[in-house]
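Subject: Structure for your review

Dear colleague,

Please find the structure below, with its sequence. My findings follow it, and I would be grateful if you would read them alongside the coordinates.

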Amino acid sequence: MKKNLALWGAYALILLILPSVFSSVLGISILNQMTIWIIFALSYNMMLGQGGMLSFGHAVYFGLGGFMSVHALNLIADEILVFSVTLIPLVGGAFGLLAALFIGSFSTRKAGTVFAMISLGIGELIVALSLIFVDFFGGEAGVSGDRTYGPPFFGVEFLQDSEVYYLGAFWLFVATLLMYLFTQTPAGRMANAVRDNPERAEFIGYSTRRVRFITFCAAGLFAGVAGGLFAINYEFITEENLNALTSGRVLLMAYIGGLGFFIGPIIGAVILTLMNSLLSNYSEMWMLYLGIMFLLTVMFLPKGFAGFIMMHRAAWANGRLGSLALPYFLIAVPASVFLLAFVGMVELSHADELLHYLGMSLAADSPVSWLVLLIMAGGGAIGVRLARARLSDAWELANAAAAGPQSQEAQR
Amino acid sequence: MSLLALDSVCKSFGSTQIIRDVSLNIEAGEKHAIIGPNGAGKSTLFHLISGRYPLSSGGIQFKGEAIHNLPPYEIARRGLARSFQVTNIFHRMSVFENIRCALLWSEGYRYAFWKLLGRQAELNRKTHEMLEQIGLADKADLPSGELAYAQQRALELGIAVASGAELIMLDEPVAGMSNSEAENAVALIRRITEGKTLIMVEHDMNIVFDIADRISVLVYGEIIATDKPESIRSNARVQEAYLGEVPSDA
């Protein structure tokens with residue numbers, strides 16, 4: 001209990017300190033995006049990671065919450081509604097929940113493929129609707145609002161992005177806490193049970209449909225909260241924010257971060273937001289890199305980054321984590337060389353002019369440029385190969401002491 | 001009035017009749033075993049009673065109420081719990097969580113999302129008690145998928161009985177166990193079904209004759225005899241069906 005409190009305290013502290021560390025315009029902008037995406041990714045994980053429902057249309061609840069929030073901003077600006085914009089995420093949440101109540105009432109009957117297909121269909125349906133109901137969705141141009149109207153919140157009018165950050169961080173903290181607490185309730189636990197074994201869940205008295213429905217609604221609510229924050233941050237929302245692209249993006253975040261762990265989607269949202277904001281400045285091919293990263297995660301880290309971190313618990317418990325540092329370093333160096341060479345080749349393949357890369361001037365039509373990159377890649381690959389044996393030995397050794405008593409226990 | 005009454009229950013899959021006109025009364029407190037050769041329909045009968053399959057015709061009454069049109073969770077809530085022939089646990093959750101989930105409904109938690117499980121002292125105490133009973137207290141925090149086979153069977157049993165159901169149905173609870181494991185399991189079954197009604201499908205005749213007050217013999221979807229163990233042993237039709245498989249000295 002005390003440990004938990006300390007963790008939450010640390011979380012709040014980090015959220016408070018971050019804007020002082022990354023105080024540039026870009027830094028604040030990225031932090032603001034993170035608050036939105038972390039909530040959204042956590043809500044997606046409620047569905048998939050905890051409830052076992054694979055949704056291809058989670059952006060629907062995010063987008064609908066966002067659209068309603070922008071409209072609410074406009075109603076505030078027109079003085080039809082009078083309340084503080086700080087409460088806009090609640091508007092988003094309410095409409096995310098409302099949409100989930102309606103859609104979940106029929107889509108949660110079954111999990112698995114049926115559920116996934118329905119979610120895909122609903123997603124497409126809402127996108128189609130968004131082009132028909134132009135008044136509400138604003139057509140392809142979307143709708144925009146202004147967050148600076150409405151009664152000031154203790155003198156804060158949210159003119160600055162940094163002011164928006166603290167609002168976002170507050171809702172992020174509240175949403176994270178509530179989503180975590182949900183996992184500790186009977187409904188949250190039964191969501192896990194239904195995910196693991198829906199048949200047995202029915203025989204201990206629970207309607208799997210009802211259990212899924214509750215999880216579904218909770219996930220819709222928090223997706224809507226994220227949508228509300230999106231509306232405040234961008235003051236602008238389009239059909240793109242409720243289509244399959246956005247649904248796919250949140251799936252990637254949750255998966256890359258690690259579905260089985262509460263903290264996983266947070267890691268995934270941070271990584272993808274960084275890639276989206278930073279990498280896209282450097283390369284048009286960043287989506288390709290994202291795709292490759294997803295592929296590699298699925299193949300080699302099926303439990304995501306959080307799972308990778310958790311893999312080290314045994315070594316940590318043995319006090320042997322340090323012994324892994326050198327082998328990791330030795331494999332990281334050639335791996336980076338390989339990666340850099342690979343990126344160089346990708347960039348070179350579509351470069352129109354001289355590519356300035358790692359202090360070299362490379363040309364797409366020069367065999368020498370390609371040869372250099374190939375040699376780098378080859379050298380990196382060989383280096384990884386050589387370092388791998390050492391890493392796996394060190395890994396065995398670091399985990400050995402933990403494996404010992406466990407296997408004895410199993411024999412007893 | 002019987003606790004459980006099957007009235008001319010029939011079940012067909014396509015044109016194949018699996019259960020033919022089965023009528024059976026189980027009295028409260030009775031320990032009833034269902035035996036029969038492979039493919040006789042024993043597990044199907046379990047699935048019909050517990051609501052996993054719908055009946056083709058006939059009716060089933062539990063505590064005087066018709067249950068044959070109810071979904072499994074409604075039947076479970078009325079106090080009929082069952083285990084499965086193939087281990088059917090929540091494999092990614094801890095042993096403790098498995099048992100706690102099995103207790104939730106009967107303890108009145110329903111679908112609550114405003115109560116923290118960590119604070120439910122009474123619920124957690126009962127969970128520990130159950131873990132003690134099934135001998136898995138020291139494995140409480142282990143993911144249930146990592147348990148050894150016999151331990152998973154014990155957990156399977158624990159999930160079935162945790163809710164405190166009046167009628168417990170066990171489908172081959174000791175199948176695949178070694179002799180010593182089976183002995184432990186039988187002792188466990190005796191202990192946790194004390195004062196309750198039990199219906200059990202089991203192939204091991206020693207265990208059947210050891211535990212059961214009455215035995216029904218199911219052959220090709222029909223009950224050919226229901227009687228006390230000693231009468232079953234001497235029943236000509238049963239001996240014919242089993243071709244002398246019933247051990248005479250059990």
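A residue is called buried here if 20 or more other C-beta atoms lie within 10 Å of its own, exposed if 12 or fewer, and partly exposed in between. Please also bear in mind that this is a predicted model.

By that criterion, helix α7 of chain A has the following buried residues: A:Val164, A:Tyr165, A:Leu167, A:Gly168, A:Ala169, A:Trp171, A:Leu172, A:Ala175, A:Thr176, A:Met179 and A:Phe182. In a helix of this kind, spacing matters. An α-helix has 3.6 residues a turn, so residues three or four places apart point the same way. The cover over the buried residues of α7(A) includes α1 (2–21), α2 (25–50), α4, α8 (186–196) and α10 (208–234) of chain A. From its first C-alpha to its last, α7(A) reaches 32 Å with its 23 residues, close to the 33 Å expected at 1.5 Å a residue.

Confidence

The model scores ipTM 0.93 and pTM 0.92. For chain B, the mean pLDDT is 92, and 97% of the residues reach 70 or more.

Chain A

Chain A contains 17 helices and 4 strands. Its radius of gyration is 24 Å, close to the 22 Å that the globule rule gives for 412 residues, so chain A is as compact as a globular protein of that length. The C-alpha trace of chain A spans about 70 × 70 × 45 Å along its principal axes. Of the 412 residues in chain A, 41% are buried. Among contacts in chain A with a separation of 6 or more, 78% are between residues 24 or more positions apart.

Two alanines of chain A may serve as reference points while you inspect the model.

Which helix holds A:Ala169? This alanine lies in helix α7 (residues 161–183) of chain A. A:Ala169 is buried because 20 other C-beta atoms lie within 10 Å, and a residue counts as buried at 20 or more. Leaving aside neighbours within four places in sequence, A:Ala169 is in contact with A:Leu15 and A:Thr35. Between A:Ala169 and A:Leu229 there are 10.0 Å in space, C-alpha to C-alpha, although the two are 60 residues apart in sequence.

The second is A:Ala59, which lies in helix α3 (residues 59–77) of chain A. With 29 C-beta neighbours inside 10 Å, A:Ala59 is counted as buried. Not counting residues up to four places away in sequence, A:Ala59 touches A:Gly123, A:Asn241, A:Leu242, A:Asn243, A:Thr246, A:Ser247 and A:Val250. One of these partners, A:Val250, is 191 residues from A:Ala59 in sequence and 8.0 Å from it in space, C-alpha to C-alpha.

Helix α4 (residues 88–107) of chain A is included in the cover of α7(A). With 20 residues, α4(A) reaches 28 Å from its first C-alpha to its last, close to the 28 Å expected at 1.5 Å a residue. There is nevertheless a kink of about 25 degrees in α4(A), and its centre is at A:Leu101.

Chain B

Chain B has 9 helices and 10 strands. A compact globule of 250 residues would have a radius of gyration near 18 Å, and chain B, at 18 Å, agrees with this. Along its principal axes, the C-alpha trace of chain B spans about 60 × 40 × 35 Å. Buried residues make up 41% of the 250 residues in chain B. Of the contacts in chain B between residues at least 6 apart in sequence, 65% join residues at least 24 apart.

Two residues of chain B deserve a look at their backbone angles. B:Glu172 is not a glycine, yet has a positive phi of about 45 degrees. B:Glu172 sits in the loop between β7 (167–171) and α6 (179–192) of chain B, and counts as partly exposed with 19 C-beta neighbours inside 10 Å. B:Tyr220, likewise not a glycine, has a positive phi of about 45 degrees. Its place is the loop between β9 (214–219) and β10 (222–227) of chain B. With 15 C-beta neighbours inside 10 Å, B:Tyr220 is partly exposed.

The contact between the chains

How many residues does each chain give to the contact? Chain B gives 31 residues and chain A gives 25 residues. On the side of chain B that touches chain A, the elements giving two or more residues are α2 (72–77) and α3 (95–104) of chain B. By class, that side of chain B has 20 nonpolar, 6 polar and 5 charged residues.

With kind regards

Note on methods. Residues are numbered from 1 along each chain as its sequence is written. Chains are lettered from A and ligands numbered from 1 in the order in which they are written. This is a predicted model: local features need pLDDT of at least 70, side-chain atom pairs count only at pLDDT 80 or more; totals for chains, interfaces and linings use all residues. pLDDT is the predictor's confidence in each residue, from 0 to 100. Two residues are in contact if their C-beta atoms, placed from the backbone, lie within 7 Å. Ala, Val, Leu, Ile, Met, Phe, Trp, Tyr, Cys and Pro count as nonpolar, Asp, Glu, Lys and Arg as charged, and the others, Gly among them, as polar. The radius of gyration is taken over C-alpha atoms; the globule rule is 2.2 Å times the number of residues to the power 0.38. The expected span of a helix is 1.5 Å times one less than its number of residues. The bend at a residue is the angle between axes fitted to the seven residues ending there and the seven starting there.
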